[in-house]
Amino acid sequence: MLGISTYKPKFHTTAESFKSEFELTLSELIGKRIERFWIMWDTKENEWLTDGPIVLDIEEKRFEFTAYQLDEFSLTINSFELTDKLDWYGMGNEMPLIWKENGNSDLTKNLNKVIIGINILTYNFLSESVETGEKYETGDMLTGIEFVLEKESESDNENFFTIFNNLDQNGIEKTEINHENQIKRIKITGYNIA
């Protein structure tokens with residue numbers, strides 16, 4: 001899937017199911033550092049293929065994130081090899097792909113900073129009916145994950161590494177995402193054993 005023959009993302013549509021499966025795993029990343037990351041790169045167009053997974057290297061594990069459709073988000077860990085041949089749905093040489101290490105220069109400054117918090121992000125889409133003009137909400141849909149990093153100074157507001165659903169493709173951002181109060185954060189606080 002998504003250009004990787006062995007990739008089997010496990011999509012979640014709610015923050016609750018995502019948190020239930022990954023809270024312990026994610027809480028163990030607090031205090032650690034994102035050492036490097038990979039994005040899928042189209043060498044013919046010399047650009048990021050935003051539909052492909054984003055891979056973070058943390059403590060010798062690869063965390064593979066991908067957004068799909070408008071409300072699906074996946075995390076897998078070490079589920080494929082970065083050396084595997086990439087082929088976007090049989091396009092072969094028409095769309096030659098590689099993994100580009102640290103392929104977004106805006107985010108390279110945030111590598112090797114201590115992770116001080118992790119939030120699951122939801123987004124409440126506000127829409128308007130074409131026929132009636134009536135406004136309605138979709139409710140809080142799982143949209144991504146936000147790594148809060150140690151600041152370089154008090155005025156540093158670029159201390160994030162966020163991966164999110166950017167309307168059926170992946171987005172990444174170095175600042176806190178806010179969109180007219182439609183984003184909610186669910187904090188990963190650690191795993192409580194009863």
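1. In this predicted model, Phe147 touches Leu29, Ile34, Leu56, Phe65, Ile115, Gly117, Ile118, Asn159, Phe160 and Phe161, where residues up to four places away in sequence are not counted. Leu56 and Phe161, both in that list of contacts, are also named together with Phe147 as the residues with the most contacts inside the largest nonpolar core, which has 31 residues.

2. As to where this core draws its residues from, the elements that give two or more to it are the helix α1 (15-27) and the strands β2 (36-42), β4 (54-58), β5 (61-68), β6 (72-77), β8, β9 (135-149) and β10. Apart from this core lies another one, of 13 residues, and among them are Ile4, Trp38, Trp88 and Met95. As general background, nonpolar side chains tend to be buried together in soluble globular proteins.

3. The largest pocket has a volume of about 250 Å³, and its lining consists of 13 residues, of which Tyr123, Phe164, Asn165, Asn166 and Ile183 lie nearest its centre. At least two residues of this lining are supplied by each of β8 (115-128) and β10 (160-165), and β8 gives the most, with three residues. Both β8 and β10 are also among the elements that give two or more residues to the largest nonpolar core.

4. For anyone setting up calculations on this pocket, the composition of its lining may be of interest: by class there are eight nonpolar and five polar residues, and no charged ones.

5. Two backbone values deserve a look, and the first concerns Gln69, whose phi is near 55°, a positive value in a residue other than glycine. Gln69 is placed in the loop between β5 and β6, and because its relative accessibility is 38%, Gln69 counts as partly exposed.

6. The second concerns Asp168, which has a positive phi of about 70° although it is not a glycine. Asp168 is found in the loop between β10 and β11 (170-173), and since its relative accessibility is 37%, this residue likewise counts as partly exposed.

7. On confidence, the mean pLDDT of the protein is 91, and 97% of its residues reach 70 or more. Confidence is lowest in β9, at a mean of 87, and highest in β4, at 98; both of these strands are among those that give two or more residues to the largest nonpolar core. As a general caution, predicted coordinates should not be read in detail where pLDDT is low.

Note on methods
Residues numbered from 1 in each chain as written. Predicted model: local features only at pLDDT ≥ 70, side-chain atom pairs only at ≥ 80, totals over all residues. Heavy atoms only, no water. 1 Å grid on protein atoms, 1.4 Å probe; cavity = no way out; pocket = protein on both sides within 12 Å on 5 of 7 lines; lining within 4 Å. Points joined across faces, edges and corners; volume = space filled by probe spheres on them. Helix = DSSP H or I, 4+ residues; strand = E, 2+ residues; numbered from the N terminus. Nonpolar A, V, L, I, M, F, W, Y, C, P; charged D, E, K, R; others polar. Core = buried A, V, L, I, M, F, W, Y, C linked by side-chain atoms within 4.5 Å. Buried < 20%, exposed > 50% of the residue type's maximum accessible area, 1.4 Å probe, protein only. Contact = heavy atoms within 4.5 Å. pLDDT = per-residue confidence, 0-100.
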